[in-house]
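Visitor: I would like a tour of this model, one question at a time.
Guide: Happy to help; here it is.

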Amino acid sequence: LEDLNEGIFLTAPLMQELGAQKGDTVNLYSPLALEAIKHDEMLLPQEWEVAGSFKTDWAEIDRDTLLCSLEHLQEVYGLKEDQVHGFSLDVDEAHITEVCKDLNRRLPHSMRAYAWNTLNKDFLYILRLEKMMCFFVLLFIVGVAAFSISSGLMSSIVRKQREIALLRTWGASKAHILSLFCYQACFLGACGIVLGFAISWIVLTFRNQIVQLLTGWFLPKNALWDFYAVEQLPVAYCKEDFIYITIVTFII
C-alpha cells in the first residue's frame, strides 16, 4: 500500500502485453483527453513508475486493470478530493438483494446500488443454459443405462424360469416375484449412482489437471481464459443438484 504513493501496479498479463517490468515508466492517458481534443486542446500523458504487479485469475480484471492511489486517480479524471466514481461493498450473498433495496432507498436519485448477479446476468444466464443442456444430454445416458439394467434383468428372468416356478409352487405371488427383480434393479441403480458420484468427485478434484492435459489437443490453448474469463476451472457443489440427480436417475 505504501508503494501506491510512488507508482502504479499493473496486472501481470497487462504488464506482459506492454513488455513492462517493475521500475519502468509508463504513459497514462486520461479519458479527459478526448474531451480536450474536441476543444482543440491537448492533454499530455502522465508518466508513472511501475511499482509492481498483481493477478486475480479473472480475465475481465487482468486484461486491462491497474491499481493506483486515490489521489492519482482523482488527478487523472479531474475529480475533486471528495469525489469518486463509486464504491464496492462485500455483502453476504444470502442478503445481497435486501441490502441493495435498502441502499437504494437511502441513496439519492443520482446514485444506484447494483448486485453482482445483476451486473453479470447475461453471463450467469449462459451458465444456467449450459447446465440445463448438460442435464438434458446426460438424461439420455441415464436412459441407456436403464435399458441395460432392464435387458440384464430380462435375461435373468429367462435363465431363472425354474427358480421362479419353484417359488410359485412354494406359494409366492406374482407381486413377490416382481418385488425380487425390482429390488435387484434398485440395488443396481443405487450402486451406479454411488459409483457415478465417486468417479465424478475424482474427476472434479483433478479437473484443472485434466483441462491442462486436454488443452492443446482438443481445446484451444486459452479456451478458459477467452470464453469463460477464468484461468482455472472453478467448481461449486450444490446439495440440490445431488438430490435432483439421485431422484431422477433412481426413478428412471
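Visitor: Which residue in strand 3 stands opposite Thr-11?
Guide: First, a note: this is a predicted model, where local features need pLDDT of at least 70 and side-chain atom pairs count only at pLDDT 80 or more, while totals for chains, interfaces and linings use all residues. Residues are numbered from 1 along each chain as its sequence is written, and side-chain values use heavy atoms, with hydrogens and water left out. Strand 1 (residues 8-11) and strand 3 (residues 46-54) are parallel, with four bridges between them (strands are DSSP runs of E of at least two residues, and helices are runs of H or I of at least four, both numbered from the N terminus; strands pair if DSSP finds at least two bridges between them). Phe-9 has Gly-52 opposite it in strand 3, and the residue opposite Thr-11 is Phe-54.

Visitor: What is the strand order of the open sheet?
Guide: Strand 2 (25-28) and strand 4 (66-67) stand at the edges, each with a single partner, so one side of each has no neighbour in the sheet. Strand 2 runs antiparallel to strand 3 over four bridges, with Leu-28 bridged to Gln-46. Strand 1 and strand 4 are antiparallel too, joined by two bridges, and Leu-10 faces Leu-66 there. With pairing that is mixed, the four strands have the order 2-3-1-4.

Visitor: On strand 1, which residues are buried on the side away from Ile-8 and Leu-10?
Guide: In a regular strand, side chains alternate between the two faces of the sheet. In strand 1 both faces are covered, with Ile-8 and Leu-10 buried on one side (buried is under 20% relative accessible area, exposed over 50%, partly exposed in between, with a 1.4 Å probe and protein chains only). The buried residues on the other side are Phe-9 and Thr-11.

Visitor: How far apart in space are Val-50 and Lys-22, C-alpha to C-alpha?
Guide: Val-50 is found in strand 3 and counts as buried because its relative accessible area is 0%. Beyond its neighbours within four places in sequence, its contacts (heavy atoms within 4.5 Å) include Ile-8, Leu-10, Met-15 and Lys-22. Val-50 and Lys-22 are 28 residues apart in sequence, and their C-alpha distance is 5.2 Å.

Visitor: And how far is Val-248 from Gly-52?
Guide: Val-248 lies in helix 12 (residues 239-251) and counts as partly exposed because its relative accessibility is 24%. Val-248 and Gly-52 are separated by 196 residues in sequence and, C-alpha to C-alpha, by 52 Å.

Visitor: Which helices do the buried residues of helix 7 pack against?
Guide: Helix 7 (residues 121-159) has 39 residues and reaches 57 Å from first C-alpha to last, close to the 57 Å expected at 1.5 Å a residue (1.5 Å times one less than the number of residues). Its buried residues are Leu-124, Gly-143, Leu-153 and Ser-156. They pack against helix 6 (116-119) and helix 9 (174-205).

Visitor: Which element gives the most to the lining of the second largest pocket?
Guide: This pocket holds about 680 Å³, and the residues closest to its centre, out of 20 that line it, are Phe-87, Ser-88, Leu-89, Ala-113 and Tyr-114 (a pocket is an open set of points on a 1 Å grid over the protein atoms alone where a 1.4 Å probe fits, with protein on both sides within 12 Å along at least five of seven lines; lining residues have an atom within 4 Å of a point). Helix 5 (96-106) and helix 6 each give two or more residues to the lining. With four residues, the element that gives the most is helix 5.

Conventions: Grid points are joined across faces, edges and corners, and a volume is the space filled by probe spheres set on the points.
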